[in-house]
Each structure stands twice: as structure tokens, then as C-alpha cells.
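Got a few minutes to look at a protein model together? Here it is.

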Amino acid sequence: MIASIVRKYLDFEYREVDRFVNNPIGTQERVLHYLLRNGEQTYIGQEYKFSEIRNKNDFRSKVPIFHYEDLRPYLDKIILEGRQNVLWNKPVEWFAMSSGTTEDKSKYIPVTRESLTKGHYKCGRQMLAIYEQTNKKTNFFLGKTLILGGSKQINNIGDGIFTGDISAILIKNVYWFAKYSRTPERISLLPDWEDKLRAMTAYAVKNDVRALMGVPSWLLVLLKKIKAETGKELTDLWPNLEVFFHGGVAFTPFEEQYRKLIQKPDMYYWETYNASEGYFGVQFDGSSKDMLLMLDNGIYYEFIPMNEWDCENPQTLTLDEVKTGENYAMVISTNGGLWRYMIGDT
């Protein structure tokens, strides 16, 4: 009964994926309109006259490309001055800490309620729906999902503003009904790594774990610890284990170790591209590592061709202008308050 209900729900979620797959350009145009209308009365929106922008060409000509250093003055207004309505017309309560290559030790990426609900969580549901389309016999939702996340800490600079890596923010704010099927927050958000490993191990060996979720490098340490402490093969400990949803770093360097550790030929390894700045992509098919660009999640995408990467004012292409097989640098505008932001990924 439960399995049937969940499968119907995931099939329903997949309809949204099917809609933007069949109308990618129109979907992105709607996203741009949604972002601009919400950004009109913000500090940055008034500075660059968002109300006068009518289409993608206006957007490209009126709003410059932002690197993190360009974003800092706006972030300071939020963090140091306590101002809101700077980058987005809803409060910024969280900042995702992301390691960067700038002079800062960490980048502080703004996170809004909308970027969580209409972005990360929505894409998470769609990821499960896409996986269910490939594996119609899936029953992972009848057991527990073992999630190894980061830690949360209070930002002492901003009043009522919290920081943490994106996995911690997602775990902290996830819907109440999703918390019952995954690692308890009190364990997954422990700040001390060794304490977390001990608590995660104690939790994992007592539960019917059917899915794993997290960064491959982090989770590998935990799985090795569980195997060493129990003296059991993971497939004996969790006979119903079926899928590992992974992201954060490339999986290729870790794949062989995982296949040796989880000796199950029908184990699924499902890749996601979920970063501090947004949820960008999901593996679309069990037989291919290619990922689907998520187009209806509050993110508007632009792409810089390789021959423009070193230009002072590079020209960007939109989704209808790119060509397959080419490398592009990705520029994003989001409902988290990033505008034509160069994230540094290709």
C-alpha cells in the first residue's frame, strides 16, 4: 500500500520533469521573468533597473557578470549592516559556506527560503522521480536513507544569520515528513567529525538502510568504519540496500572502492550536481552518467564559450544558443539572490 502511494507520487513529480524537458526554452524564459519581477524592488534591482528589462538581450546588456569579489559589497550590506531586500525580496537567513579560489578562505553564498523550497528540495524530489522511472521496482523509501552531512554554526557577524555547508542547511530545513526516513538531525549535524562517525555507525547498524546520500569521499570513511567495527559485509548488514545518491565531487576516483565495499551487482550509483549556489543537474538514465540540466528550479542559465573565458566582458549564450559537445563556463541567476554569477564551473 505504502509503496503504491509513493510510486504514484513520484510519477506525479516526474510530470514536472517531462514538462520542462519538452519545453526547455519556454521554461527558461518564464524563470527569467519570475526572477526579474521578484528582483525589481531590491537594492541591486533598482541599481540595474530590472523594471526596464523585457527580455534576455536586455538582461545581458544591462546587468554585468558578477564574480564573488563583485558580490561582496552586497553581502556586506546583509551581514554587516543587517539590511534585507538587497539581492532578493525575501529575507536571507542562511549563508552556505563554500571553499573558493578567491582571497577569502570561504565564500558566503546567500540562501533564501525560495531557493530551498523551489530549488534544492524540488530538484531532490525530481531526482527521486527520475530514479524511480529507471528502477520501477525500487523500494528504498520503505527503509532508511543514511545521510552524512556537514555541520551548522551560528554566524557571529550577522544577527540571526546562520552559516554552514549546503548539506547542513538542507538537513536543518528539510520538510518534517522527510525526517522520519533519514538519519536524525541530532546525529547528522554533530559538529565534531569523530563524534559524528561514532553516532552514525551506532544508528546505521540498527536500521534497515536502503539508500545512501552524500559526498563520496565523506561517506566512504563512514562505510569503512561500519564494516570494520561490525566485521560484516555491508550487503549482509543491509540486504535491501539499493542506491547511492552522490554529489559534491567526481565519483570516478571512488567508484572502484565502492564496488568492492558494496558487493552488489545491481547497486545503483546515481549522480547529482548540487552545489552551494543551486541544484543544477541529475543523472537521467541508469545506463548513462549524463546529467539533465534542471530548468524549472528558479535558476536562469547562461553560458560563456571557451574563446570568451579570458575576455573582460565575455559574451554569454542562452540555452537556445549553445551547441552540444562544446565546453562552456556557467553563469547563473537564482532565487537565492545571485545575478549573472560566474560560479567557476564548466
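Below, a student asks about a cavity and a helix.

User: Before we start, what kind of model is this, and how are residues numbered?

Analyst: It's a predicted model, where local features need pLDDT of at least 70, side-chain atom pairs count only at pLDDT 80 or more, and totals for chains, interfaces and linings use all residues. Side-chain values use heavy atoms, with hydrogens and water left out, and residues are numbered from 1 along each chain as its sequence is written.

User: Which element gives the largest share of the lining of the largest cavity?

Analyst: A cavity is a set of points, on a 1 Å grid over the protein atoms alone, where a 1.4 Å probe fits but cannot get out; lining residues have an atom within 4 Å of a point. The largest one holds about 90 Å³ of space, a volume being the space filled by probe spheres set on the points, which are joined across faces, edges and corners. It has 14 lining residues, and Ser115, His120, Glu277, Gly278 and Asn335 are the closest to its centre. Helices here are DSSP runs (H or I, at least four residues) and strands too (E, at least two), numbered from the N terminus, and the largest share, three residues, comes from α6.

User: Where do the buried residues of α12 fall, seen down its axis?

Analyst: Buried means under 20% relative accessible area and exposed over 50%, with partly exposed in between (1.4 Å probe, protein chains only). In α12 (residues 252–261), Phe254, Tyr258 and Leu261 are buried, while Thr252, Glu256 and Lys260 are exposed on the other side. Going by directions from the helix axis to the C-beta atoms, the buried residues fall within an arc of 60 degrees, so they line one face of the helix.

Notes: On a 1 Å grid over the protein atoms alone, a cavity is a set of points where a 1.4 Å probe fits but cannot get out, and a pocket is an open set with protein on both sides within 12 Å along at least five of seven lines; lining residues have an atom within 4 Å of a point.
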